[in-house]
Amino acid sequence: MTQALTYAAQNASDRLKPFKIERRAPGADDVQIDILFCGVCHSDLHTARNEWQNTLYPSVPGHEIVGKVTAVGSAVTRFKVGDLAGVGCMVDSCQHCASCAEGEEQYCENGFTGTYNGPVFGGENTFGGYSDSVVVKEKFVLHIAPTDNLAAVAPLLCAGITTFSPLNHWKVGPGKKVGVVGLGGLGHMAVKIAHAMGAHVVLFTTSESKREDGLRLGADEVVVSRNPDEMATQANRLDFILNTVAAPHDLDAFLSLLKRDGTMTLVGAPDHPHPSPTVFNLIFKRRSLAGSLIGGIRETQEMLDFCAKQGIVSDIEIIAMKDINEAYERMIKGDVKYRFVIDMATLKAEAAA
Ligand code: NAP
Ligand code: ZN
């Protein structure tokens, strides 16, 4: 066991504060990583504040981890000391159910182990990337291509894969007209990735101020969703919509923009249900309403390789670990362009001071 520095929530209402934990010594299959940067996902905030009523405390969030390998177990073949490495939302799964066999570990029928907040179906808590180090099974560690902007790669590990996977699954590409709802951490990655996949991208935002950014990030059109006249211009025109908004909202307003046989996939994870959509809105045009959860390990590597090739990274604001609580408040207000990333050198420096 080695001691690791972290920032943790001790309950749903207090600020995150410095907290020491034990990390296991690397076993035969493990990779030990010195964490250099960790992205701040809205799921971290949902979890720290127990908004999904399933948080185990103390809670150390963070599942957009990039760093350098500092040790490997005797059975590790794909990583060596000094390699860049990434860890996303999962650190384990059963490895024998049908979903695991197909490389869709996020849908593991026995429950994958989250990078933080532990196994879905019981067992010990796990501690995430708001930390100076982590030890993870090789199978769940990703390769990161050499880059001069490592901090901006971190958000790909959750925001990137959560948007790439459904865009891929629903075969977004040239000739397809794709809507992205919400320009936050997930949404801005969805715009970049869907554009790089060759689709015509329509961004739907509640923020008039994000119009220009939407176009700069790769949207072909931007619609301010509070404006019914603008919404009407897209009626029956979209093949696919990726909806990243967690706040409960009227799904019909977006379902009615789908063409016949179109699908809207929800990835936002609400703490209160959306109002139920009108069934007629689905049946009259054979439309589908779907959901999607992150992506499997193989697909996450595919996404990282795709983004490296296309030169796609996240638009980030780097913060010090001690500023995480203020960052959460700003994230709630939508005041981030478009992902906070924690520089873990600040955690190490704070502990050394
Ligand atoms: P975020 O950066 O906070 O972005 C959310 C965006 O939603 C905002 O920027 C805003 O964009 C839009 N929005 C529209 N109405 C809103 C309202 N009433 N209140 C707040 N925002 C509103 O969050 P994120 O990190 O992208 O995460 C989005 C959701 O996805 C979270 O619930 C998160 O837990 C979930 N998530 C799911 C998965 C999965 O596997 N399915 C993975 C990761 C995260 P505009 O200003 O453009 O309207
Ligand atoms: Zn996330």
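Biologist: What phi does Gly 334 take, just after α11?
Modeller: This is a predicted model, in which local features need pLDDT of at least 70, side-chain atom pairs count only at pLDDT 80 or more, and totals for chains, interfaces and linings use all residues. Residues are numbered from 1 along each chain as its sequence is written, chains are lettered from A and ligands numbered from 1 in the order written, and side-chain values use heavy atoms, without hydrogens or water. Helices (DSSP runs of H or I, at least four residues) and strands (E, at least two) are numbered from the N terminus. Just past α11, Gly 334 has a positive phi of about 70°.

Biologist: Which residues of α11 are buried?
Modeller: Helix α11 covers residues 324-332. Buried means under 20% relative accessible area with a 1.4 Å probe, protein chains only. In α11 these are Ile 324, Asn 325, Ala 327, Tyr 328 and Met 331.

Biologist: Why do the buried residues of α11 line one face of the helix?
Modeller: Look down the axis of α11. The directions that count run from the helix axis to the C-beta atoms. The buried residues line one face because they fall within an arc of 155°.

Biologist: What do the buried residues of α11 pack against?
Modeller: Contact means heavy atoms within 4.5 Å. Ile 324, leaving aside neighbours within four places in sequence, touches Tyr 7, Leu 16, Val 40, Tyr 130, Ile 319 and Ile 342. The buried residues of α11 pack against β1 (2-8), α1 (42-48), β16 (316-320) and β17 (339-343).

Biologist: Which helix gives the largest share of the largest nonpolar core?
Modeller: A nonpolar core joins buried Ala, Val, Leu, Ile, Met, Phe, Trp, Tyr and Cys residues through side-chain atoms within 4.5 Å. The largest has 92 residues, and those with the most contacts inside it are Tyr 130, Leu 167, Ile 193, Ile 324 and Tyr 328. Its largest share, six residues, comes from helix α5 (residues 185-196).

Biologist: How many residues are in the other core that lies apart from it?
Modeller: Val 181, Ile 241, Leu 251 and Leu 255 are among its members. This separate core has a residue count of 15.

Biologist: How many charged residues are in the lining of the largest cavity?
Modeller: On a 1 Å grid over the protein atoms alone, a cavity is a set of points where a 1.4 Å probe fits but cannot get out; lining residues have an atom within 4 Å of a point. The lining includes Cys 89, Met 90, Leu 157 and Thr 300. By class, it has seven nonpolar residues, four polar, and for charged the count is no residues.

Notes: Buried means under 20% relative accessible area, exposed over 50%, partly exposed in between (1.4 Å probe, protein chains only). On a 1 Å grid over the protein atoms alone, a cavity is a set of points where a 1.4 Å probe fits but cannot get out, and a pocket is an open set with protein on both sides within 12 Å along at least five of seven lines; lining residues have an atom within 4 Å of a point. Ala, Val, Leu, Ile, Met, Phe, Trp, Tyr, Cys and Pro count as nonpolar, Asp, Glu, Lys and Arg as charged, and the others, Gly among them, as polar.
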